[in-house]
Amino acid sequence: MQQFRIAVIPGDGVGKEVIPVGQRVLEAAVAQEAQLDWHLFPWGSDFYRQTGALMPPDGVEQLRRFDAIYFGAVGDPPHVPDHVTLWGLLLPIRKQLDLFVNVRPIRLFPGIRGPLRDKGPEDIDMIFVRENTEGEYAGVGGRVHVGTPHEVALETSVFSRFNVERVVRFAFELARSRRKHLTSITKSNAQRFGMVLWDEIVQEVARDYPDVTVTSLLVDAAAALMVRAPERFDVAVGSNLFADILTDLGAALMGSLGLAPSANLAAAPGVPSLFEPVHGSAPDIAGRGIANPIGTVWAGAMMLEHLGLTDAARRILRAIERLTNEGKVLTPDLGGTATTEQVGKRIIELL
Ligand code: ATP
Ligand code: MG
């Protein structure tokens, strides 16, 4: 039997509630096919309160020897500022492991009524490829004249040819495996360096993919089009910030942020990729056992697929579709009354 070593970081808030449900569903789905060896890392805001850091100094090195990382959420807004939690855990992992793309599928499941009343599951089925290690989240900048009326803060975006090209190439490959349409999203009319380089690289790489149709959109127009005509999107590629914002919009089109999964894929072989829901720690509902676990379960399915357990991954997706289609066991964000645990249990029954 195949064995996989998986690092589990539930993190904060609802992360601690949805990750155990995800683990149980994955266990049930792989059954006799493989053994999942979970190693729990209690990192996050509690760890920060005890040690002054969100993870140990060699945290990322500890993760390197695993086959994959299953991540919940990080954030504890009243106690730790959000930029401290994000820069203390998730962003260093993404950067140091070089998890160069963040793959975020967006689709409307059968039985779910999204906010777009005239759009069905056949209209909302796209995948976002988000640049995941630099761009607007490069962390380059600083503040001068702090606290004075003359204070200035700089936040510099970084777009390197090497990185943008590999992200864009990944998106073209993905488009080739789907409906062969790629939408590239920038703001190159207002941002005249990095975004212009991005547009140029898209045109260059496009020459290697004559079978893929490319549309370049400004991010504002892309946001409007996602609402007006989501069926025009197949694969979309965008910068760290833009794709982050648009995938929350995409999650809303799905009916709930709690449904959306993401895969942070490693560029180098042998380095673990990280799988997580798109949502954060959801402090407003944390501790009540009502968080929707579907995004986390789906992220787990993406992890299994990445590990080569494609049958198990497909079975999980089918179970989620059956669950939404029957519409009986759903959490409050989808208009139901079920708990996180009950949804997990029903998914396992439907497997
Ligand atoms: P963070 O700072 O950790 O990103 P946040 O304040 O941005 O947290 P999110 O976790 O992104 O909050 O949640 C935004 C909204 O979506 C909240 O109202 C939250 O309750 C809701 N939400 C997020 N995840 C889920 C979920 N799994 N199930 C139900 N609702 C969710
Ligand atoms: Mg958030």
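**Close-up 1. Ala 73 and its neighbours in strand β3.** Ala 73 touches Gly 11, Asp 12, Gly 13, Val 14 and Gly 15, and also Pro 277, His 279, Gly 280 and Ser 281, once residues up to four places away in sequence are set aside. Keep in mind for this and every other view that you are looking at a predicted model. Ala 73 belongs to strand β3, which covers residues 68-73. Is Ala 73 buried or exposed? It counts as buried, because 29 other C-beta atoms lie within 10 Å. Now find Val 278: Ala 73 and Val 278 are 205 residues apart along the chain, yet their C-alpha atoms are separated by 8.7 Å.

**Close-up 2. The shell around ligand 1.** How many residues surround ligand 1? There are 20, and the closest are Gly 75, Gly 258, His 279, Gly 280 and Asn 292. You have met two of these names already, since His 279 and Gly 280 are among the residues that Ala 73 touches. Sorted by class, the shell is made of 8 nonpolar, 9 polar and 3 charged residues.

**Close-up 3. Helix α4, from one end to the other.** Helix α4 runs over residues 82-96, which makes 15 residues. Try the ruler trick here: at 1.5 Å a residue the helix should span 21 Å, and its end C-alpha atoms are 20 Å apart, so the two values agree. Where does α4 have a kink? Look at Gly 88, where the kink is about 35°, shortly before the proline Pro 92. Gly 88 is also one of the buried residues of the helix, along with Thr 85, Leu 89, Leu 90, Ile 93 and Arg 94. These buried residues pack against two helices, α2 (45-51) and α3 (59-63), and two strands, β11 (261-265) and β12 (273-277).

**Close-up 4. Leu 63 in helix α3.** Here is a residue from one of the packing partners of α4: Leu 63 sits in helix α3. Which residues does Leu 63 touch, not counting those up to four places away in sequence? They are Ala 7, Ile 69, Ile 93, Leu 97 and Pro 272. Ile 93 should ring a bell, as it is among the buried residues of α4. Leu 63 is itself buried, because it has 22 other C-beta atoms within 10 Å. Met 303 is 240 residues from Leu 63 in sequence, and the two C-alpha atoms are 15 Å apart in space.

**Close-up 5. Two residues with a positive phi, Asp 98 and Ala 31.** Most residues other than glycine have a negative phi. Asp 98 goes the other way, with a positive phi near 55°. You'll find Asp 98 just after α4, in the loop that leads from α4 to β4 (101-107). It counts as partly exposed, because 14 other C-beta atoms lie within 10 Å. Ala 31 has a positive phi too, of about 40°, although it is not a glycine. Its place is the loop between α1 (15-30) and β2 (34-40). Ala 31 counts as exposed, because its C-beta neighbours inside 10 Å number 10.

**Close-up 6. Leu 309, a buried residue in a loop.** Leu 309 lies in the loop between α9 (294-306) and α10 (310-326). Why does Leu 309 count as buried? Because it has 22 C-beta neighbours inside 10 Å, and the cut-off for being buried is 20 or more. Leaving out residues up to four places away in sequence, Leu 309 touches Val 30, Glu 33, Ala 34 and Leu 304. Take Glu 33: it is 276 residues from Leu 309 in sequence, but 8.3 Å away in space, C-alpha to C-alpha.

**Close-up 7. Thr 186 in strand β8.** Thr 186 is part of strand β8, which covers residues 181-186. With 24 other C-beta atoms within 10 Å, Thr 186 is buried. Its contacts, apart from neighbours within four places in sequence, are Met 195, Trp 198, Asp 199, Leu 218 and Val 219. For Leu 218, the C-alpha atoms are 5.1 Å apart in space, while the two residues are 32 apart in sequence.

**Close-up 8. The span listed in the record.** In an unreviewed entry, UniProt lists residues 5-347 as "domain: Isopropylmalate dehydrogenase-like". Check the two ends of this span: their C-alpha atoms lie 24 Å apart. In between, the span is 39% helix and 22% strand.

Note on methods:
Residues numbered from 1 in each chain as written. Chains lettered and ligands numbered in written order. Predicted model: local features only at pLDDT ≥ 70, side-chain atom pairs only at ≥ 80, totals over all residues. Helix = DSSP H or I, 4+ residues; strand = E, 2+ residues; numbered from the N terminus. Expected span 1.5 Å × (residues − 1). Bend = angle between axes of the 7 residues up to and from the residue. Buried ≥ 20, exposed ≤ 12 C-beta atoms within 10 Å, placed from the backbone. Contact = placed C-beta atoms within 7 Å. UniProt positions renumbered as here; feature names shortened; annotations may be inferred. Near = placed C-beta within 6 Å. Nonpolar A, V, L, I, M, F, W, Y, C, P; charged D, E, K, R; others polar.
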